[in-house]
Amino acid sequence: MIPLRQIAHARSGDKGNSANIAVFARDPADYIWLRDHLTAAVVQSYFAPLNPGPTTRHEAPNLDALNFVLPAVLGGGGSSSLRLDAQGKTLAMALLEMPVSYPETTPAEHTD
Amino acid sequence: MPRPLTVANAAGFWGDQPDAAARLVAARPDLDYLTLDYLAEVSLSIMAAMRAKDPLSGYARDFVDVLRSLVPFYQGGGKTRIVTNAGGLDPLACATACCEVLHTAGLAHLKIAFVSGDDVLALVQREPEAFAHLETGAFLAPLASRVVTANAYLGAGPIATALLAGADVVITGRTADPSLTFGPCLAHFGWATTDWHPIAGATVAGHLIECGTQVCGGFSTDWLELPDPHDIGFPIVEISADGSCVITKPASTGGAVTVPTVKEQLLYEISDPANYLSPDVTVSFLTLKVASVGENRVRVSGAAGRAPTDSYKVSATYRDGYKAHGLLTLYGHDAVKKARAAGEGLLRRLASRGVTFRETLVECLGTGASVQGLGQSSKDSELIETVLRVSVAADKKEPVEHFTKEIAPLVTCGPQGVTGYATGRPKVLPIFAYWPCLIPKAQVTPQFQLLDLP
């Protein structure tokens, strides 16, 4: 297991009570592996303690990116949320700490 | 073919670095435009609260100081024009204050225009049933009497016409962030209203620079590896007639414009990249190409545009009670255990006096509190220090006020090792809840006016 950050970079931001987390393959060759393993269900369950709501995922292969939208993850969002991170600034960093079973050999050999 | 247009961003939010504009024009006096974005989702409700105390303060006063900082540049013959949404709730008052700065400085030849028509509060209050919550579908009617602000995100149209009418400074209220950049492009390139691809490209360019340094490495995953991350340059975008653009930054500034920093900002605060909605155009990001074309130069091309929707997005806000956050630092063995006991105990003591809240939260900073429950930090028992953060919210002000007086007493009645209480009592903050909704474009009349002070 390795932390996701070794193969991806990311950025998160808010809109109302929802946040998005865009995850980018550091090496474009890893995009397919990310697409196959970093599903909406995986991300929703990872953030379960924050009650993210039904999470959707958008694919942007031209940017080597997956964009996750967590519709209720901010505890009210904006000025309503009592949380320290009411704007989801830390969510990308949190997701990048997620341990993933990335293959030790090159991903190309594992993705068919 | 018209030459490329250079547009810089000198403010990504209300509170950004005050010297960014002056530094940008000092480094690049040839810039065509500076854009400055001041309005986040609930900024206008903060301005409403300010205006309630002082009728002439319903805008981002910071911008007047920025303009003052540019006086020597304009006195020296600088030509860079400015587009900003600093007008907030009162673009006329902002424009008037700016006009006074220019007149005093002998720069009365510079023309200021302001854009209005975004304020749809009266309409929302009159017909709240027409403004369902964009995400939840909930009805606004039960909250109608508490609505404080309602502003439509206008497009680039009035900005472009103001510039074509000769404005040097255009001050808007609520305007879609990328339209601050697309407006100058529209005036410069004279695209037809259906030239969707270049319009989409210029909108992407505006989206990329709207958050200031964020596209130049600010807020990036690999921030620590950037050159000189202590002084990241503000972004400059060079937009071509086909809508493609090159993102760059002034020489001798920190940070970096790289494919990763640009890609991160492309998807910042975006939901579906196939349907990026602006009032000017709907854009697909799925055809974009992002390529390095030199040191700190990244080209973004291939934006695919199509006709926008027939409605404007509206940011409305309504009063929703009060909140306060109290902070105390705890040092010593079992710091986290003690902090939690102190915070929860305080709430229990208040409850025993009949002081209750609709929502409370106890967080121990240093334990991974930003994402409480994800279990990413070291063991709580290993922490020698934590910051206790206790938050409360209530419909009425009184219980919240009571709470703010009970934080400092923890220094004497709480565990040993409590410190960091010298900043005084926490503030009682009004909560302005966010209500995004839509309004048919036909019901809104965006317009501009050149300011003509005697």
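These are my notebook entries on a two-chain model, ordered from the whole chains down to single residues.

**Entry 1: status of the model.** I record at the outset that the model is predicted.

**Entry 2: chain A.** I looked up the secondary structure of chain A and found three helices and six strands. Read from the N terminus, the elements follow the order β-β-β-α-α-β-β-α-β. I then took the radius of gyration of chain A, which is 14 Å, close to the 13 Å given by the globule rule for 112 residues, so chain A is as compact as a globular protein of that length. Along the principal axes, the C-alpha trace of chain A spans about 50 × 25 × 20 Å. Of the 112 residues in chain A, 48% are buried. I also looked at sequence separation: among contacts in chain A with a separation of 6 or more, 58% are between residues 24 or more positions apart.

**Entry 3: chain B.** The same look-up for chain B gave 13 helices and 19 strands. The radius of gyration of chain B is 24 Å, and the globule rule gives 22 Å for 454 residues; the two are close, so chain B is as compact as a globular protein of that length. I noted a box of roughly 75 × 55 × 45 Å, along the principal axes, for the C-alpha atoms of chain B. Buried residues amount to 50% of the 454 residues in chain B. For chain B, residues 24 or more positions apart make up 76% of the contacts with a separation of 6 or more.

**Entry 4: the interface.** I asked how many residues of each chain are in contact with the other chain. The count is 34 residues of chain A against 43 residues of chain B. On the chain A side, at least two residues each come from strand E2 (8-15), strand E3 (18-25), strand E4 (56-60), strand E5 (65-70) and helix H3 (91-96). Which of these elements gives the most? It is E2(A), with six residues. I sorted the side of chain A that touches chain B by class and obtained 15 nonpolar, 13 polar and six charged residues.

**Entry 5: a three-strand sheet in chain B.** I traced an open sheet in chain B with the strand order E9-E10-E13 and antiparallel pairing. Its edge strands are E9 (276-277) and E13 (304-306) of chain B, each of which pairs on one side only. E9(B) and strand E10 (residues 282-284) of chain B run antiparallel and are joined by two bridges. I located B:Leu277 opposite B:Thr282 in E10(B). Helix H9 of chain B packs on this sheet, where it touches E10 and E13 of chain B. The direction of H9(B) makes about 115° with that of E13(B).

**Entry 6: helix H9 of chain B.** I next checked the helix itself, which covers residues 196-209 and has 14 residues. From first C-alpha to last, H9(B) reaches 20 Å, close to the 20 Å expected at 1.5 Å a residue. Is H9(B) mostly covered or mostly exposed? I found it mostly covered, with 13 of its 14 residues buried.

**Entry 7: B:Gly294.** I placed B:Gly294 in strand E11 (residues 289-294) of chain B. Why does B:Gly294 count as exposed? I counted 10 other C-beta atoms within 10 Å of B:Gly294, and a residue is exposed if that number is 12 or fewer. Finally, I compared B:Gly294 with B:Val257: they are 37 residues apart in sequence and 9.7 Å apart in space, C-alpha to C-alpha.

Key. Residues are numbered from 1 along each chain as its sequence is written. Chains are lettered from A and ligands numbered from 1 in the order in which they are written. This is a predicted model: local features need pLDDT of at least 70, side-chain atom pairs count only at pLDDT 80 or more; totals for chains, interfaces and linings use all residues. Two residues are in contact if their C-beta atoms, placed from the backbone, lie within 7 Å. Helices (H or I, at least four residues) and strands (E, at least two) are DSSP runs, numbered from the N terminus. Ala, Val, Leu, Ile, Met, Phe, Trp, Tyr, Cys and Pro count as nonpolar, Asp, Glu, Lys and Arg as charged, and the others, Gly among them, as polar. The expected span of a helix is 1.5 Å times one less than its number of residues. A residue is buried if 20 or more other C-beta atoms lie within 10 Å of its own, exposed if 12 or fewer, and partly exposed in between; C-beta atoms are placed from the backbone. The radius of gyration is taken over C-alpha atoms; the globule rule is 2.2 Å times the number of residues to the power 0.38. Two strands pair if DSSP finds at least two bridges between them. Axes are lines fitted to C-alpha atoms, for helices over the stretch in contact, and angles run from 0 to 180 degrees between N-to-C directions.
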